[in-house]
Every structure is written in structure tokens, then in C-alpha cells.
Amino acid sequence: TGAQIDHVEELTISLVERDRGIGPIRLKIPRKGPAHYELRNSTLGVAGTWQATVTARVSKFDQYEAKIEFEIRAR
């Protein structure tokens, strides 16, 4: 519906780099305040194309997922 979710029971991210066989790396994203979640000091030190899946569990039985691919380049 596009409406803002009022309460998220748990927010997680799963990271995979398929070409190198890395992952899934699963991280819980801590709640910092109302509708505010922040993950700090987590780094990915391997170049490549990564896929991130963010999962918001909103109740015992319901969750929503979003996926995105991004690239990390070597320096």
C-alpha cells in the first residue's frame, strides 16, 4: 500500500557474493529509535558484485523483503 510500517519486530540483512562463494553473511540491524535502524562498523573487504536482502519481520507470521545488487571495487 505504500504506508509506513509502524513497528518492525526484527530487521536483518543477508549479504552474498556468489562469484567468490561468500555468504550468506547475516547481520541484525539494531533499532535506534522509532522507525530508525542503523548498522555501523560493518565492512565488506572483498571486491565483487554483492546481493543484499533486507528482511523486515513485522509480526510472528509476516515479513517483507527487498533485494538489491551492488558492486564493491578494488582500490
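Is T55 buried or exposed? In this predicted model, T55 has a relative accessible area of 12%. Buried residues are those under 20%, so T55 is buried. The residue belongs to strand β5, which spans residues 48-57. When neighbours within four places in sequence are set aside, the contacts of T55 comprise E10, L11 and T12, together with Q63, Y64 and E65. Of these contacts, E10 lies in strand β1, which covers residues 10-17, while Q63 lies in strand β6, which covers residues 63-72.

The pairing of β5 was examined next. Strands β5 and β6 run antiparallel to each other and are linked by 10 bridges. The connection from β5 to β6 is a hairpin of five residues. Within this pairing, T53 has K67 of β6 as its bridge partner. Strand β6 itself has little cover: none of its 10 residues is counted as buried.

A second buried position was found in strand β1, where S14 is located. The relative accessible area of S14 is 17%, and S14 is therefore also classed as buried. Apart from neighbours within four places in sequence, S14 touches P24, I25 and R26, and in addition Q51, A52 and T53. T53 thus appears both among the contacts of S14 and as the bridge partner of K67. Residues of β5, including T53, are in this way in contact with a residue of β1, and T55 of β5 is in contact with residues of β1, among them E10.

Methods
Residues are numbered from 1 along each chain as its sequence is written. This is a predicted model: local features need pLDDT of at least 70, side-chain atom pairs count only at pLDDT 80 or more; totals for chains, interfaces and linings use all residues. Side-chain values use heavy atoms; hydrogens and water are left out. Buried means under 20% relative accessible area, exposed over 50%, partly exposed in between (1.4 Å probe, protein chains only). Helices (H or I, at least four residues) and strands (E, at least two) are DSSP runs, numbered from the N terminus. Two strands pair if DSSP finds at least two bridges between them. Contact means heavy atoms within 4.5 Å.
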